[in-house]
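Here is a short report on how this protein is put together. Look over the sequence and the model first.

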Amino acid sequence: MGNVIHAEPTEVVAVVRLRRGVAGERKRVCHIVPIPDAGPIPEYLTALCGEFIVPGDAEVLDRICGMPCEACLTRSARRARRLPH
Ligand SMILES: [Zn+2]
């Protein structure tokens, strides 16, 4: 499935985690971050939970592994339910 999850038809999100050394282990949770589908990657990305992520400080993961950010997961599930079926 690659390293992106299609949360909404028009939106691509990535699973990112702060790199080791950038943040303490307890802060190294997997955030879900919407990625703009056009243009350059912005200086700051904002995770679904509101956390600011500097792209250079984070690693992109294939899937959620380790400790997920619960706030991101909750918001992601809520958004997915809004999808038409
Ligand atoms: Zn988060």
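Two residues are in contact if their C-beta atoms, placed from the backbone, lie within 7 Å. In the protein, 50% of the contacts with a separation of 6 or more come from residues 24 or more positions apart. The model is predicted: local features need pLDDT of at least 70, side-chain atom pairs count only at pLDDT 80 or more, and totals for chains, interfaces and linings use all residues. Numbering starts from 1 along each chain as its sequence is written.

The protein has one helix and six strands. Helices (H or I, at least four residues) and strands (E, at least two) are DSSP runs, numbered from the N terminus. Their order is β-β-β-β-β-β-α.

Strand E2 pairs with two partners, listed below. Two strands pair if DSSP finds at least two bridges between them.

| Pair | Sense | Bridges | Opposite residues |
|---|---|---|---|
| E2 and E3 | antiparallel | five bridges | Ala-14 and Val-33 |
| E2 and E6 (residues 58-61) | antiparallel | four bridges | Val-16 and Val-60 |

A residue is buried if 20 or more other C-beta atoms lie within 10 Å of its own, exposed if 12 or fewer, and partly exposed in between. Of the 85 residues, 20% count as buried. E2 is largely enclosed by the rest of the structure, because six of its eight residues are buried.

A nonpolar core is a set of buried Ala, Val, Leu, Ile, Met, Phe, Trp, Tyr and Cys residues joined through C-beta atoms within 7 Å. The largest has 14 residues, and Ile-32, Val-33 and Ala-47 have the most contacts inside it. Strands E2 (11-18) and E3 (31-35) each give two or more residues to this core. E2 gives the most, with five residues. Leaving aside neighbours within four places in sequence, Ile-32 contacts Val-13, Val-15, Ala-47, Leu-48, Cys-72 and Ser-76.
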